[in-house]
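Please look through the sequence and the coordinates below before reading on. The paragraphs that follow walk through the strands, the helices and the chain contacts in turn.

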Amino acid sequence: MGISIKKAGVFDTIQDLGRFGFRKLGINPGGAMDKNALRLINIILGNPESEPAIEMHFPACQIVFEKPAVFALGGADFDATLDKLPVPNWKTHLAKKGSILSFRKKLSGSRCYFGIRHGFEIERWLGSASTNLAANIGGVKGRQLRNDDQIRFSKAHAAEKNFLGFEIATSLRPVSKTIQMIRITKGIEYRDLTALSEQRLFEGAYEISNDSNRMGYKLDGNPLHLLSRKELLSSAVGFGTVQLPPYGKPLLLMADHQTTGGYPRIGHVIKRDLSLVGQMGPGDKILFELVSIDEAEKIEEQYERDVAYLRMGVKFKQTDAKD
Amino acid sequence: MIDLPKYEIFPLGENALTICFGNSISREINLIVTSLSKKIESTKFQGFVECVPAYSSLTVFFELSKAKRKFRTALTAYQIVKSHVEIALQTLEIGQPKEPRLIEVPVSFEKRFAPDLELVAEFAELTESEVIDIYLSSTYRVYMLGFLPGFPYMGEIDPRIAAPRKASPRKQVAKGSVGIAGNQTGIYPLESPGGWQIIGRTEIELFTPNLESPTLFNTGDLVKFVRI
């Protein structure tokens with residue numbers, strides 16, 4: 001036994017860090033929209049960073065623990081309570097048998113991650129537990145969670161008290177904002193933008209339209225134009241690719257993007273900021289900022305160093321707690 | 001060493017790069033792309049994630065912090081991976097390709113399965129049955145898989161019936177729909193939004209998740225459509 005879904009949320013799925021190696025068959029990596037949030041809660045839970053968790057949108061599901069467990073929440077803040085007592089994000093908590101986890105209000109961000117120590121028992125497809133909704137596979141029966149779904153814990157575990165009280169340093173906790181500076185590197189067709197469009201891209205905010213989901217965000221803002229219309233053969237695109245369709249408004253590809261596309265690629269959101277856009281939703285605004293590939297690499301290396309320190313810190317603290 | 005067409009290498013974000021051999025559909029270029037893809041997959045440099053071959057380009061995904069780990073130099077991960085790709089390219093050999101598989105795909109062109117057949121006929125200034133005859137008269141080659149799991153991008157469509165994509169995509173295209181987009185043709189393995197002109201439907205399964213090789217088609221396959 002593990003948890004059961006007492007009341008389903010609007011859109012909750014099992015996600016991990018993605019399914020890699022199969023893009024050449026048209027199977028996209030998918031995975032969490034905010035991968036950093038997932039990694040961070042797995043680290044404090046002492047799990048592999050890729051351990052699957054439940055990605056929730058608001059209103060989120062209500063969860064009953066059929067067995068005690070150590071759990072953590074991260075990403076969006078949905079004002080969670082465990083048996084009516086607040087349970088803040090980015091910390092490990094203990095749930096007793098019969099405890100109920102509820103989410104009251106959307107305070108910040110769009111996607112909250114719920115993970116448990118040792119993870120859930122989820123069958124892997126092509127190496128990943130992520131739910132692929134287009135292909136109806138992965139996660140729980142290839143679909144979003146429903147009332148009365150039961151998800152087993154992958155290991156019988158007594159509540160491991162030495163995993164309680166872990167917390168993520170404030171400096172590593174992302175701050176979700178409704179207007180967000182998002183850094184991009186140049187895409188290959190950036191050079192084909194008119195001088196005016198190049199200026200406009202960074203001048204005003206782009207609003208995420210209602211017609212946005214895990215596949216991609218349609219952005220609304222300054223229209224952009226290329227020097228000449230380009231008919232391109234389809235080629236690979238990625239999570240974070242900013243395409244420019246002929247109607248002149250950018251399209252930002254997200255976790256469930258199609259593997260290939262033929263629209264001009266004007267930019268690519270840097271990996272560090274994908275987690276920030278992954279926490280945004282319709283009505284939120286993006287201000288693009290241009291960085292070079294060199295800078296993008298440095299930003300990512302610095303982040304990976306910070307995450308590595310967190311990982312080491314958790315290991316040391318866990319060892320101390322055992323002694 | 002083979003005669004290489006002109007190419008350009010550029011970053012696709014900081015964790016991927018694309019090598020592009022121009023913008024035309026050609027069997028020779030596609031063979032270079034797929035051979036290069038296999039070569040890079042088999043040599044697997046540090047930080048390598050996956051290769052995505054397309055018509056005339058290959059994209060290599062990597063994890064930059066791993067790609068850089070071994071190199072205590074001022075080189076960027078992009079420069080390191082680019083040099084892996086260039087070395088693979090310079091030592092590339094194109095073997096004689098295997099005899100390709102020929103796959104027959106039965107298609108129904110009944111009106112209820114072919115919502116855009118009339119539009120394609122208008123574009124071609126031909127009758128619908130003439131469009132079908134022209135469509136059936138060619139054998140197509142699978143140049144790449146992409147877009148959706150197992151979706152084959154095939155070429156080339158006779159220029160007379162090469163109708164461009166719809167100006168705005170349909171919210172729902174039925175599973176098994178056979179479509180035209182310019183000089184390409186494809187089959188939707190799943191129900192999905194899509195912008196191709198739909199001229200028929202097949203019952204054939206293109207994607208079976210639990211098979212060891214989940215997609216029916218591979219790059220290089222030949223496809224012959226037959227009318228049912």
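Why is strand 19 of chain A largely enclosed by the rest of the structure? In this predicted model, 5 of the 5 residues of strand 19 of chain A are buried, so the strand is largely enclosed by what surrounds it. A residue is called buried here if 20 or more other C-beta atoms lie within 10 Å of its own.

The surroundings of this strand can be followed through its pairing. In chain A, 7 strands close into a barrel, taken in the order 12-19-16-17-14-13-20, and the pairing within this barrel is mixed. From one strand to the next, the twist averages 40°. Strand 12 of chain A, residues 179–186, runs antiparallel to strand 19 of chain A, residues 265–269, and 3 bridges join the two; within strand 19, A:Val269 is the bridge partner of A:Ile184. Strand 16 of chain A, residues 241–243, is also antiparallel to strand 19 of chain A and is joined to it by 3 bridges, with A:Gly267 of strand 19 as the bridge partner of A:Val242. Helix 3 of chain A, residues 271–278, lies across strand 12, strand 17 (251–253) and strand 19 of chain A, and runs at about 145° to strand 12 of chain A.

Chain A also holds an open sheet of 5 strands, ordered 2-3-10-5-8, with antiparallel pairing. Strand 2 (13–15) and strand 8 (92–95) of chain A stand at its edges, and because each has a single partner strand, one side of each is left without a neighbour in the sheet. Neighbouring strands of this sheet are turned by 35° against each other on average, direction ignored. Within the sheet, strand 5 of chain A (residues 69–77) and strand 10 of chain A (residues 108–116) pair in the antiparallel sense over 6 bridges, and A:Cys112 in strand 10 is the bridge partner of A:Gly75. Helix 1 of chain A, residues 35–44, lies across strand 3 (53–56), strand 5, strand 8 and strand 10 of chain A, running at about 155° to strand 5 of chain A.

Beyond the single chain, 33 residues of chain A are in contact with 39 residues of chain B. On the side of chain A that touches chain B, strand 15 (235–236) and helix 4 (293–322) of chain A each supply at least two residues, and the largest share, 7 residues, comes from helix 4 of chain A. Sorted by class, this side of chain A has 14 nonpolar, 11 polar and 8 charged residues.

Conventions
Residues are numbered from 1 along each chain as its sequence is written. Chains are lettered from A and ligands numbered from 1 in the order in which they are written. This is a predicted model: local features need pLDDT of at least 70, side-chain atom pairs count only at pLDDT 80 or more; totals for chains, interfaces and linings use all residues. Two residues are in contact if their C-beta atoms, placed from the backbone, lie within 7 Å. Helices (H or I, at least four residues) and strands (E, at least two) are DSSP runs, numbered from the N terminus. Ala, Val, Leu, Ile, Met, Phe, Trp, Tyr, Cys and Pro count as nonpolar, Asp, Glu, Lys and Arg as charged, and the others, Gly among them, as polar. Two strands pair if DSSP finds at least two bridges between them. Axes are lines fitted to C-alpha atoms, for helices over the stretch in contact, and angles run from 0 to 180 degrees between N-to-C directions. A residue is buried if 20 or more other C-beta atoms lie within 10 Å of its own, exposed if 12 or fewer, and partly exposed in between; C-beta atoms are placed from the backbone.
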